[in-house]
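Biologist: I am new to this structure and would love a close look at a single part of it. Could you walk me through that part?

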Amino acid sequence: MASAPPVERPAAPVTGSVPAPPAYAPAVPARPNPVDAVPWGMRVAGEVAWRLLVLAGTVWVLMKVISSVQLVVLAFVAGLLITALLQPIVALLRRKGMPRGLATAVTAVTGFVVMGLVGWFVVWQVMDNIDSLSDRVRDGIEELKRWLLNSPFHVTEQQINEIAKNLSDSIGANAEQITSAGLQGVTVMVEAMTGILLAMFSTLFLLHDGKKVWEWTLKLVPAQARPGVAGAGPRAWRTLTAYVRGTVLVALIDAVFIGLGLYFLDVPMAVPLGVFIFLFAFIPLVGAVISGALACVVALVTTNVFTGLMVLVVVLAVQQIEGHVLQPFILGRAVRVHPLAVVLSVAAGGLTAGIGGAVVAVPLVAVTNTAVGYLRAYSAEQALRAAPDSGAAPDSATDPVTAAAPAPGSKA
């Protein structure tokens, strides 16, 4: 049986053509492109905003990671600061012909023994004078009370007794918190010992293998950015070394002169207070205020009001000499950080990691400032080299690559 012929279907209409609107339809203007409708400033702000959000998220995650291993980070940074202080001694011993391992061992052991003896001396002085200090504190409080009663401030004995009663009530109300803080002292001591051991091991290996550690770190940097980082690292290390050595020298001068003033004014525990002034000097701006206030309070409550005022004069005089003579002369142009940046970095470091964060905040800002400045100059130099009309060879004295400083841990 023959099959039926196929049925022919009508051709589909052409979809590409749109019939024109009728003549009576109103004219509708075409809508602009949404991208063109957004103002240029808002587009730029949007592009910048999402990048800032990504950067802020990255920084937040990084800070979370650092806070979770805060003890390890602070111990390593402390080892880095101690290495910056001791590394010139290792270089000096090597120039004298001593092997690197022996020079590292001698420098590290000597440095750790000196720091340990200083800590032991402070504890010994405090424990040896604690009984006489408590008696002198009671006598000083009575002397301060008599001075307030005879002062022109019109303070009555009833007001002084009320203040003393409020202090006693506050201590009694917070007895539970004080007890719990005392119970946590064991944990704090264990963490402190762990951090000290980590800092010692970090210092030892950085003194011996600092150059190898730096070369291994460079391998983690992308190859395109490696030359710039290789030039920025030695300069950042030179800034850190200048900062640590200058800060130690300034802190030592402050401690010696203020300690001598406390000694001649017959203030108890003058030597431990001088050591505290030396340690607090590593916290820029804030540390000097805290240590000076501590010395004034001890002098006030253990001697008399006149001695307290004289200690205040000594502290202010030494700090003025430090700010206007010692800091510019010793640190000079090696560490160029604006005072506002110092205050903000110390505050941020203190809020993030306590006293340790406040100590490492300023050297971190100084090192970052040096590295960023070099990378900016290096990028400009590379752009000039890549320009079609730049045929002159760069001067070796100003070339950021050929004028690179030695890496951390190498001979300086």
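Modeller: Here is a tour of helix H7 (residues 185–219) and its surroundings. This is a predicted model, where local features need pLDDT of at least 70, side-chain atom pairs count only at pLDDT 80 or more, and totals for chains, interfaces and linings use all residues. Residues are numbered from 1 along each chain as its sequence is written, and side-chain values use heavy atoms, with hydrogens and water left out. Helices are DSSP runs of H or I with at least four residues, numbered from the N terminus.

Let us begin with Ile 196, which sits in helix H7. Ile 196 is partly exposed, at 44% relative accessible area; buried means under 20%, exposed over 50%, and partly exposed in between (1.4 Å probe, protein chains only). Ile 196 helps make a nonpolar surface patch of about 770 Å², whose other members include Met 193, Met 200 and Phe 205. Such a patch takes residues with over 30% relative accessible area and no salt bridge, joining nonpolar side chains (Val, Leu, Ile, Met, Phe, Trp, Tyr) within 5 Å. The areas come from the Shrake-Rupley method with a 1.4 Å probe. An α-helix has 3.6 residues a turn, so residues three or four places apart point the same way.

Trp 214 also lies in helix H7, but is buried, with a relative accessible area of 18%. From C-alpha to C-alpha, Trp 214 is 9.0 Å from Ala 230, though 16 residues separate them in sequence.

Finally, Arg 100 of helix H4 (residues 100–150) extends its side chain to the backbone oxygen of His 208, at 2.9 Å.

Note on methods: Patches are made of residues with over 30% relative accessible area and no salt bridge: like charges are joined within 9 Å, nonpolar side chains (Val, Leu, Ile, Met, Phe, Trp, Tyr) within 5 Å. A salt bridge is a side-chain nitrogen of Lys or Arg within 4 Å of a carboxyl oxygen of Asp or Glu. Helices (H or I, at least four residues) and strands (E, at least two) are DSSP runs, numbered from the N terminus. A polar contact is a pair of N or O atoms within 3.5 Å; within protein, one must be able to donate a hydrogen and the other to accept it, and residues adjacent in sequence count only if both atoms are side-chain atoms.
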